[in-house]
Amino acid sequence: MESLKLHLCLLLFFVSNSILIPSLAIGDTCLPRKHAALFVFGDSLFDVGNNNYINTTSDNLANYPPYGETFFKYPSGRFSNGRLIPDFIAEYAKLPLIQPYLFPGYKQYTDGINFASSGAGALVETHQGIVIDLNTQLSYFKIVSNTLKQKLGKAEAKTLLAKAFYLFNIGGNDYSVFMTENSSVSTSYTPKKYVDMVVGNLTNVIKGIYKIGGRKFGFLNQPPFGCLLSIKALENGTESSCLEEASSSLAKLHNSVLSVETQKLEKKLKGFKYSYFDYFDISFQVINHPSKYGFKESDVACCGSGPNREYYSCGGKRAVKDYELCENPSEYVFFDSVHPTERVYQLFSQLMWSGNQSITGPHNLKTLFEE
């Protein structure tokens with residue numbers, strides 16, 4: 001059997017070099033797998049283009065200029081001027097760029113796939129009908145796992161899923177609804193009850209992935225919401241300091257609950273290992289002390305409108321059509337009033353990959369990928 005497989009690989013090699021069959025077509029059959037796949041779940045911080053293929057609003061789309069201008073030279077659907085955290089993590093793990101799950105015709109899942117959707121929450125009700133919520137992202141992963149079993153066989157698929165890394169960022173949109181939308185959410189639930197619902201749904205999805213075969217996970221906690229330019233614009237105009245109440249209450253409560261729940265999962269689930277990145281603290285430090293990290297501006301967005309470009313109008317496709325664009329995004333912490341620049345994402349990715357336990361623990365991503 002192995003001899004037959006070797007002959008097939010050699011035949012495919014010569015044919016592919018003669019008629020330019022894409023190398024990915026032979027990779028799954030012939031190449032030894034020495035790396036771990038990357039599966040990505042989450043919202044706009046991780047969405048690499050899934051929302052390009054769903055019926056949603058312009059608030060949840062970044063498929064128009066100037067998004068993507070620095071690295072890709074075109075708008076790929078990423079909410080930044082270039083790459084996002086999953087792109088950098090893939091690079092550090094020696095993987096190709098991980099494609100969006102909804103990219104038409106793409107079925108090569110052995111390196112992983114990205115399910116994230118801008119605007120998505122852990123709760124189904126968050127922006128329901130115009131995003132890919134976390135439960136739906138899990139259902140897509142189940143389809144992928146079944147495809148891998150059919151393609152590779154159950155044993156090899158099981159090995160791939162166990163070696164793979166599962167990266168999450170979710171919750172911000174759930175809390176945005178709680179804080180800013182004129183709905184019954186904030187009157188129906190106490191902050192603690194609401195946080196328990198958000199984290200509870202996230203842990204249920206983690207358990208679902210674990211049941212299918214996942215063992216290595218990575219999580220970002222929530223940032224200080226009161227430091228986001230869009231939130232500051234809603235609450236107190238152009239004030240430069242972070243809003244302590246919005247910054248501390250929901251985010252800190254979420255982070256405390258998530259930290260406890262991930263520790264419980266580690267104790268309950270055999271072989272479960274994780275990395276917990278303190279996105280709150282590092283974001284707070286970068287926004288309040290930008291020069292320490294090589295940035296010139298954290299109180300003004302690179303792209304948007306208003307005195308500090310704090311209004312979410314980058315690209316002119318949303319409610320406000322006017323916008324201004326900075327000359328050098330790498331000097332800025334924020335690309336638009338919500339999302340960081342590529343250089344900030346790169347900084348965070350480096351800390352996630354090889355940071356010490358004070359910023360990412362109990363394991364960093366490099367340790368988990370190399371196991």
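These questions and answers cover the cavities, the largest pocket and two helix contacts of a predicted model.

Me: How many cavities of 30 Å³ or more does the structure hold?
Reply: A cavity is a set of points where a 1.4 Å probe fits but cannot get out. With a floor of 30 Å³, the count for this structure is two.

Me: Which elements each supply at least two residues of the lining of the second largest cavity?
Reply: This cavity has a volume of about 30 Å³. Its lining consists of F168, N169, I170, L202, F219, L220, H254 and L258. F168 and N169 fall in 165-169, F219 and L220 in 216-220, and H254 and L258 in 244-268. The elements are β3, β4 and α10.

Me: How many residues of that lining are nonpolar, polar and charged?
Reply: N169 and H254 are in the lining, and neither residue type is on the nonpolar or the charged list. The division is six nonpolar, two polar and no charged.

Me: What is the volume of the largest pocket?
Reply: Its lining has 44 residues. Closest to the centre are N173, S176, S230, Y312 and V338. The lining divides into 24 nonpolar, 15 polar and five charged residues. The pocket's volume is about 1000 Å³.

Me: Which helix gives the most to the lining of the largest pocket?
Reply: α6 (172-180), α9 (229-236), α11 (279-288) and α12 each supply at least two lining residues. The top contribution is five residues, and the helix is α6.

Me: Are α3 and α12 parallel, perpendicular or oblique?
Reply: The axes of α3 (residues 85-92) and α12 (residues 342-354) come within 8 Å and cross at roughly 50°. Angles under 35 degrees count as roughly parallel, and 65 to 115 as roughly perpendicular. The angle fits neither range, so α3 is oblique to α12.

Me: How many nonpolar, polar and charged residues make the contact of α3 with α12?
Reply: α3 brings I85, F88, I89 and Y92. α12 brings E342, Y345, Q346, F348, S349, Q350, M352 and W353. By class, that gives eight nonpolar, three polar and one charged.

Me: Which orientation do α4 and α5 have, oblique or antiparallel?
Reply: The axes of α4 (residues 134-152) and α5 (residues 154-163) come within 7 Å and cross at roughly 135°. Roughly antiparallel needs an angle over 145 degrees. Therefore α4 and α5 are oblique.

Me: What is the handedness of the crossing of α4 and α5?
Reply: α4 makes the contact with F141, S145, L148, K149 and L152. α5 answers with K154, E156, A157, L160 and L161. The crossing is right-handed.

Key
Residues numbered from 1 in each chain as written. Predicted model: local features only at pLDDT ≥ 70, side-chain atom pairs only at ≥ 80, totals over all residues. Heavy atoms only, no water. 1 Å grid on protein atoms, 1.4 Å probe; cavity = no way out; pocket = protein on both sides within 12 Å on 5 of 7 lines; lining within 4 Å. Points joined across faces, edges and corners; volume = space filled by probe spheres on them. Helix = DSSP H or I, 4+ residues; strand = E, 2+ residues; numbered from the N terminus. Axes fitted to C-alpha atoms, helices over the stretch in contact; angles between N-to-C directions. Contact = heavy atoms within 4.5 Å. Left-handed = near helix turned anticlockwise from the far one by under 90°.
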